[in-house]
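Colleague: I am new to reading models like this one. May I ask how each label is earned?

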Amino acid sequence: MKQYKDKECERQQSLIETGNLFDGASGGGRFMGKERPFVLRDGSHNLYAPIREDAIKYFRDNNIGWWGGSKPSGHVLSSQIACVNHLFAVRNDVDAILAMLNNIRNEFTEVLPITSDAEPAYIAFEVVSDSDHLNEGSNTRGSNCTSIDAFIYARHKSGERWLIPIEWKYTEHYNNQDKSNEDHDGEEKGSNGKGKERMSRYNDLINSSVQLKSLDVYDGSLYYYEPFYQLMRQTLWAEKMIAHKETERLAADNYLHIHVIPSENDELLQKKYKVSGDTMEKSWRCMLADQSKYVIVSPETLLTPVTSSYPELIDYLSIRYWNNK
């Protein structure tokens with residue numbers, strides 16, 4: 001039986017061949033050193049046409065790296081491209097964004113401008129903190145540090161300001177690679193230098209976390225397997241942003257962590273992870289103190305409130321990603 005990624009790859013290739021959705025851009029672009037039919041030769045055509053120029057300008061003006069390079073990836077399964085295609089068109093529409101947010105958790109009264117962007121709007125991409133709270137040594141948006149795929153800044157009904165970090169997945173699925181025992185390139189096998197460096201950054205932060213459960217031993221723990229490694233760092237990011245709200249431009253009192261995953265991606269959602277023996281959601285929730293701070297939602301559910309106000313966008317997403325037209 002074909003995996004979701006394989007089925008999506010074949011479907012996207014057929015969309016390339018029809019020519020309409022990608023404005024005639026052809027496949028055969030290079031990826032991992034080879035020409036691939038599922039990679040557009042012109043990566044800009046991987047973006048929804050009405051946002052194409054503005055999205056490229058946004059990444060340039062905010063010094064954000066694209067996945068795999070300085071230009072939009074031509075890889076049609078890129079989750080970064082999928083995230084931008086879903087959300088960029090509505091980033092200035094406060095009513096639409098508030099409706100999307102309240103469709104997930106009906107507790108918010110206002111969305112706030114994100115002043116860390118060159119031109120503040122109400123959804124930002126590849127967001128980082130102003131200061132390096134996670135000992136990562138870099139604050140470059142989109143590369144070499146914990147970056148948030150998409151971000152909303154909102155006011156809760158309590159009056160508190162909330163961070164809404166959004167992690168976006170498309171066809172991703174993960175093996176059982178333990179990031180706590182990896183070697184640096186060129187390092188003697190089994191030295192685990194890269195893994196030790198990671199644990200030196202994050203273990204103490206996990207120990208002091210309110211949301212993440214502390215462990216007696218972190219080597220080989222769930223925190224150092226994907227996708228949990230990403231979720232761990234994003235949780236710490238949100239906590240540290242709140243702890244340092246006096247010095248961060250995006251000052252906040254609380255947060256809601258949203259994980260966007262296509263419901264058909266069984267290889268991510270339903271896999272029994274070796275390190276835990278359970279599915280992704282159950283495995284991750286075992287590590288969380290407050291279950292209400294983490295929610296999984298499908299892209300279609302997230303965009304449901306804008307179906308009537310953005311019919312052209314919904315039509316594009318339905319054909320491109322949701323496979324229901």
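Modeller: Start with a rule for helices: the expected span is 1.5 Å times one less than the number of residues. Keep in mind that this is a predicted model.

Colleague: How do you know that the length of helix α6 agrees with its 16 residues?

Modeller: Helix α6 covers residues 228–243. At 1.5 Å a residue, its 16 residues should span 22 Å. The end C-alpha atoms are 22 Å apart, so the two values agree.

Colleague: What makes α6 mostly covered?

Modeller: Buried means under 20% relative accessible area. In α6, 14 of its 16 residues are buried.

Colleague: What comes before α6 in the chain?

Modeller: Proline 227 lies in the loop between α5 (193–207) and α6. A cis peptide bond joins glutamate 226 to proline 227, with omega at about 5 degrees.

Colleague: Now the helix pair. Why are α1 and α10 called oblique to each other?

Modeller: Two packed helices are described by the angle between their axes and the distance between the axes. Helix α1 (residues 4–18) and helix α10 (residues 311–322) pack at about 130 degrees, with axes 9 Å apart. Roughly perpendicular runs from 65 to 115 degrees, and roughly antiparallel starts over 145. The angle of about 130 degrees fits neither range. The two helices are therefore oblique.

Colleague: Which residues meet there, and how do they divide into nonpolar, polar and charged?

Modeller: From α1 come Glu8, Arg11, Gln12 and Leu15. From α10 come Ile319, Arg320, Tyr321 and Trp322. They divide into four nonpolar, one polar and three charged.

Colleague: What lies before α1?

Modeller: Lysine 2 is in that segment. Beyond its neighbours within four places in sequence, lysine 2 is in contact with Lys7 and Glu10.

Colleague: Why is lysine 2 called partly exposed?

Modeller: Its relative accessible area is 46%. Buried needs under 20% and exposed needs over 50%, so a value in between is partly exposed.

Colleague: On to rings. How many aromatic pairs does the structure hold?

Modeller: There are 18 aromatic pairs. One of them joins tyrosine 218 and tyrosine 223.

Colleague: What makes the pair of tyrosine 218 and tyrosine 223 tilted?

Modeller: A pair of aromatic rings is described by the distance of the centres and the angle of the planes. Centres must lie within 6.5 Å to pair. For tyrosine 218 and tyrosine 223 the distance is 6.2 Å. Stacked needs planes under 30 degrees apart, and edge-to-face needs over 60. The planes here are 35 degrees apart, and the pair is tilted.

Colleague: And how do you know that tyrosine 224 and tyrosine 229 make a tilted pair?

Modeller: Use the same test. Their centres are 5.9 Å apart and their planes are at 40 degrees, so this pair is tilted.

Colleague: Are these four tyrosines buried or exposed?

Modeller: Tyrosine 218 has a relative accessible area of 6% and is buried. Tyrosine 223 is buried at 0%. Tyrosine 224 counts as buried at 0%. Tyrosine 229 counts as buried at 6%.

Colleague: Which residues form one aromatic cluster?

Modeller: Tyr58, Phe59, Trp66, Phe88 and Phe125 do.

Colleague: What makes the phi of asparagine 63 worth a note?

Modeller: Its phi is positive, about 50 degrees, although the residue is not a glycine. Asparagine 63 lies in the loop between α2 (52–61) and α3 (79–87). Its relative accessible area is 63%, so it is exposed.

Colleague: And asparagine 135?

Modeller: Asparagine 135 also has a positive phi, about 65 degrees, and is not a glycine. It lies in the loop between β4 (124–127) and β5 (148–156). At 44%, asparagine 135 is partly exposed.

Colleague: Why does asparagine 139 count as partly exposed?

Modeller: Its relative accessibility is 29%. That falls between the 20% and 50% limits, so the label is partly exposed. Asparagine 139 lies in the loop between β4 and β5. Leaving out residues up to four places away in sequence, its contacts include Val128, Asp130 and Cys145.

Colleague: What makes lysine 34 exposed?

Modeller: Its relative accessible area is 54%, and exposed means over 50%. Lysine 34 is found in strand β2 (residues 34–36).

Definitions and conventions. Residues are numbered from 1 along each chain as its sequence is written. This is a predicted model: local features need pLDDT of at least 70, side-chain atom pairs count only at pLDDT 80 or more; totals for chains, interfaces and linings use all residues. Side-chain values use heavy atoms; hydrogens and water are left out. Axes are lines fitted to C-alpha atoms, for helices over the stretch in contact, and angles run from 0 to 180 degrees between N-to-C directions. Helices (H or I, at least four residues) and strands (E, at least two) are DSSP runs, numbered from the N terminus. Angles under 35 degrees count as roughly parallel, over 145 as roughly antiparallel, 65 to 115 as roughly perpendicular and the rest as oblique. Contact means heavy atoms within 4.5 Å. Ala, Val, Leu, Ile, Met, Phe, Trp, Tyr, Cys and Pro count as nonpolar, Asp, Glu, Lys and Arg as charged, and the others, Gly among them, as polar. Buried means under 20% relative accessible area, exposed over 50%, partly exposed in between (1.4 Å probe, protein chains only). Rings of Phe, Tyr and Trp (its six-membered ring) pair if their centres lie within 6.5 Å; planes under 30 degrees apart count as stacked, over 60 as edge-to-face and the rest as tilted.
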